[in-house]
Structure formats: C-alpha cells, structure tokens
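User: I am new to this structure and would like a close look at one buried position, followed by a walk outward to the parts of the chain that help to place it. Please take your time and connect the pieces as you go.

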Amino acid sequence: MDLTAFSTPFHNLNRSISSRSTKTAIKFFRIYSYSSPPPVKTTITSQPASLPVRTIPGSYGLPLLGPLADRLDYAWFQGSETFFRKRIEKNQSTVFRTNVPPSFPFFLVNPNVIAVLDCKSFAHMFDMDLVEKRNVLVGDWMPSTKFTGDRRVCAYLDTSEPQHEQIKSFAMDTLKRSSAIWIPTVTTLLDTMWDAIEPQLPSGPVSYIIPIQKFIFSFSSLCIAGADPANSPDIAENGYMRMDRWLAVQLLPTIPINALQPLVEIFLHSFAYPYFLVSGDYDKLYEFIETEGKEVVSRGQTEFNLSKEDTIHNLLFILGFNAFGGFSIFFLSLLASLESDKTGIQEKLRNEVREKAGSGLGLTFRSVQEMDLVQSFVYETLRLNPPVPLQYGRARKDFELSSHDSVFKVKKGELLCGFQGLVMKDPKVFDDPETFVADRFTGEKGKELLAYLYWSNGPQSGTPSVSNKQCAGKEFVTFTASLFLAHLFLRYDSVTITGTSFSAVEKPKP
Ligand code: HEM
C-alpha cells in the first residue's frame, strides 16, 4: 500500500518523513490484520479446570433497594475501587454477584452483574465465543443513539454483526494510512504546545489541561480523519470543548464524581441528559469532519461501502469518544506518574531517550520502539490507571468461568463486569501490585507480563482484529504516549509538575 498517497494538510510539514521511518511504520502497522484470527484464548482461560466448582457468591439484594444501596456505595460512600475490594473480602472470591450503577429510579436497566476481578476470570471477556458485546460498552445501560446520529456506532456492535467488520476495518485502515504522518504531526504539535507554555513559566505554574486537550484534539483529528482544526477558526478555538461537552452529557450517569454529594446522585446520576443540550456542538463537529475530512470520508464510502453518514458518525465517535476521550484521561495519568515519582525516573528516561534518539538520530518508529524503559513506564501507567476501567460482556451461552481458585457456572444472557482498577493489581500475576514500578515491563520476564496488561480490552500481546473487540488504536496509544515522553526528554532535561500544572522546565545545557 502506498502510504505517501494519503495526503492531509500536514503533508506540508517542513520535516521530511524519512524512507527508513516510513518502511518501519509499514512494518509496525502490519500487525493490523483484516483476516479473522482465532478468538483470543490466553493461557489463562484455556487451562484445564481442575478447580472446585463453586456457586457464584454474592447477591443482588431486595428489588429496587439492593440496586439503590449498591449504587450509593459505588458512587458515594465507598467509591468504585473500595466497592469491589470490600465485596471480594466479604465473598472470599474475585467472582461474585453485585449491582452496578446506573439504576433505580429512572433508568430502565438491569443493574445485576457478575463481577470478574482477577486476571484469569476477566480474560473470559476477550473470548468472543463466550461473550457478546452488543450494546454493552458502558454496561446494560446505553446512552441514546441520538448522540451518534441515530445509529449504533462500532464500539456498540458485536463481532457477529456484519457492520462491525466493515467499520473496524475502516478504522484500522485510517490508522495504518496515517502512520506516515503520525510522528511529524505529534512532534510538531508538541513543539507548538511547549513553545506557548515555556515563556509563561517564569510568571508561575501553567495549567496543562487545556494545552494538552488542544494538542490531543488536533493530532487525533489530523491522524484519524485527515481534518486540520487550523482550517476552521471555530473548531481551532472550541473544538476540544465541544467534544468535552458531547462526551460529558452522554456519559454523566456513569461517571463517578466524589464531590458535592448527594447533589451528584440526585441531579447527575438519576436520569440521562437529553441530546439537545449538545446538538449544537455535535453539528459543528459533524460539519468539520464533512468539510475538512473529505478524503477519509470518501474512502469510507468507496472502499468500505459505508454510507456518508455512517462514515462521519463513526469517525466522530472514534476520534471523539475513543481517541480524544481516552487520551485526555491517559495523558493526565502519564503526567501524574512523572509527578509522583521519587526514584529519579526522569534522569533514567532522559538517558534512554538521548541514547536512542539523540545526536541527530531522531524520533522514528524504530528508535521509540527501542526505548524499553519509556515503553515500560507507559505500560505501568496504563496498568495502574486504566483509562477505561470497566468492561462488560454478555454470556453468549452457558459456560464455565474460572478464577484462580474456583470454577463458576455462568448462564446465557448474564452480564459480566470487570473492573480493571483491581484486575490489574492481581497479586497472583503482578509482584508488589500496588506499587508503580517503572521498569516492570522490561526484560524477558517483563515482556511476558504484557499478556496480562488489559487496558485495551485485550492483552497487550494480542492483536486487534475484526473478530475481536480489542481497541483498534492499541498500538497507536502506547506509541503516542512513548513519543510524548521521548519528545519531552529530548527537549528538556527535566520538567517539574505540580498537580495539573507545569511549574518549571530545565533545558539541556548547550
Ligand atoms: C488512550 C486512548 C484509548 C483508550 C484508553 C482506548 C480504550 C479502548 C477500550 C477499552 C476499548 C474496548 C471497549 C469495550 O468494548 O469494552 C476500545 C475500543 C475501541 N477503540 Fe480504543 N482506546 C483509545 C484510543 C483509541 C484510538 C486512538 C482509536 C483510533 C482508531 C481507537 C479506536 C477504537 C475502536 C474502533 C474501538 C472499538 C473496537 C471494536 O468494536 O472492535 N481507540 N478502546
């Protein structure tokens, strides 16, 4: 495939894309497969079940009151992590029955789930023979399809639905094509961001929330939809805010907010907010993709047989919900990991980055992939702060589900719910699981652990494809975060972070 044929306004960047980098990019993204590999069977799910069979412990409580009590514990009294932790202790099991919000009184949903809270039981949700993923992205409840142009977009489709294959192939194709512009796009936008922040630092800390969001919005628009926000004054200024509002209004009932209770429970978690509140924002974003992303939109129609509307609504969801939403959370935790470090990690990262990419070697797919510590730091951040902490899957048939110590019988139609906040601290898999260990994923043993890193709804060692529901952007996400760190430590010796602000940067001595 000729990657250079893909043109966006960013092809005019004055950095050249070296042929070595492009070749490596092609190799790098060949991992995206359009064929149908066998469904994921990790060593963990395929083990023979020589374990005792146990009835699934836990209960759903009294009708209406049980779900309400669980909802209040989850969102208010305990918070999600303690909620699940306490129930593991009470049931003496990482698999148990409970309710999760949203629920009573105004949501017509079934809040009953089977929680799966260790690496072994969670992995059953990657096996598409066992679970169905139709409309369960955020649980039994689903935001109105009004937010996505009256259609169910890719993330809500099960692998058995033909449109899933069509749209996921399209998503993976757009990413593969953009691989040639990804590095120059990201690094140029990062330079613009730092050039704006740096002169403000002598006057005091500079909040990074808006600069980072603007950066994410721009590179996602360019790399996923080939649409340059700079060509639309309204989108350049307000695009990220329009996206934030569209995301917030549809997800409010499921976002844990630990302040201002009981107001949050009463006003934000009791009913779904209507689409008309953000229809103006969504219309503007739609128009932006329609005009600025013409080339990608037309490919969706001609090569993937999608209607123009299906293409644009899906592009907006991938760009806004998957990429912008995911990165907005992830970059904050990446910076928080740097802030909270007490082990001198910045110096170690800087040394590695300069060894692999310094003295004119440059940031290429190959050089970034050779940065083992940088990548491990990114993986460890994803382990302890998975940006999408909850995953759901509905049993396609009756089957036996194993935890590390027991086997449970799951009935067709029951909803499994995994909370990665605890699964990724499984002490049977990760040593010292509560501690951030920056080099955890380096070396041979560290690489083996990638089979148990699940942030993308599949193992980090797995491959997203049309026959599974693993994040289509899996490689881009970890690569972009590594690129962000590599760019940072080429540009600066160190950065001082305080809360959500940068308070100082130290430039390399000439
Ligand atoms: C930090 C950023 C990101 C995070 C944390 C993230 C996370 C996830 C997760 C957890 C899922 C599975 C949800 C589920 O079914 O339970 C998913 C699905 C998906 N992601 Fe990502 N994602 C990110 C960025 C991206 C990017 C950049 C793309 C660009 C193409 C992308 C495209 C998709 C698509 C298309 C799906 C649906 C897959 C399917 O239906 O088979 N994501 N993502």
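Analyst: Val 116 is a good place to begin, because it has 26 other C-beta atoms within 10 Å and therefore counts as buried, the threshold being 20 or more. The model in which this is seen is a predicted one, and the values that follow are computed from it. Val 116 belongs to strand S2, which covers residues 112-116. If residues up to four places away in sequence are left out, the contacts of Val 116 are Val 95, Ser 121, Phe 122, His 124, Leu 416 and Gly 418. A further link across the sequence is the pair Val 116 and Gln 420, which are 304 residues apart along the chain, while their C-alpha atoms are separated by 9.4 Å.

To set this position in the whole, the chain has 510 residues, of which 45% are buried, and its secondary structure comprises 18 helices and 10 strands. Among the contacts in the chain with a separation of 6 or more, 75% are between residues 24 or more positions apart.

Other strands of the chain show how pairing is arranged. Strand S6, residues 399-402, and strand S7, residues 407-410, run antiparallel and are joined by 4 bridges; within this pair, Glu 400 stands opposite Lys 409, and the two strands form a hairpin with 4 residues between them. In general, strands of a sheet pair through backbone hydrogen bonds, either parallel or antiparallel. An open sheet is built from 3 strands in the order S4-S10-S9, with antiparallel pairing. Strand S4 (206-207) and strand S9 (494-498) stand at its edges, and each has a single partner strand, so one side of each is left without a neighbour in the sheet. S4 is joined by 2 bridges to strand S10, residues 501-506, and Val 206 is found opposite Phe 502 of S10.

The surroundings of the ligand give a second buried position to set beside Val 116. The ligand is surrounded by 27 residues, and the closest are Asn 322, Gly 326, Asn 457, Cys 471 and Gly 473. By type, this shell divides into 17 nonpolar, 7 polar and 3 charged residues. Helix H6 (162-197), helix H12 (308-340) and helix H18 (474-491) each supply at least two residues of the shell, and the largest share, 6 residues, comes from H12.

Among the closest residues, Cys 471 deserves a separate look. Cys 471 lies in the loop between helix H17 (443-448) and H18, and an unreviewed UniProt entry covers this residue with the annotation "binding site". With 20 C-beta neighbours inside 10 Å, Cys 471 counts as buried, because 20 or more is what the term requires. Apart from neighbours within four places in sequence, Cys 471 is in contact with Ser 456, Asn 457 and Pro 464, and Asn 457 is itself one of the residues closest to the ligand.

One last annotation concerns a helical span. The feature "transmembrane region" is placed by UniProt, again in an unreviewed entry, at residues 315-338. In the model this span is 100% helix and 0% strand, and the C-alpha atoms at its ends lie 32 Å apart.

To return to the starting point, Val 116 is a buried residue of strand S2, and its contacts include Val 95 as well as Leu 416 and Gly 418.

Note on methods:
Residues numbered from 1 in each chain as written. Predicted model: local features only at pLDDT ≥ 70, side-chain atom pairs only at ≥ 80, totals over all residues. UniProt positions renumbered as here; feature names shortened; annotations may be inferred. Pairing = 2+ DSSP bridges. Buried ≥ 20, exposed ≤ 12 C-beta atoms within 10 Å, placed from the backbone. Contact = placed C-beta atoms within 7 Å. Near = placed C-beta within 6 Å. Nonpolar A, V, L, I, M, F, W, Y, C, P; charged D, E, K, R; others polar.
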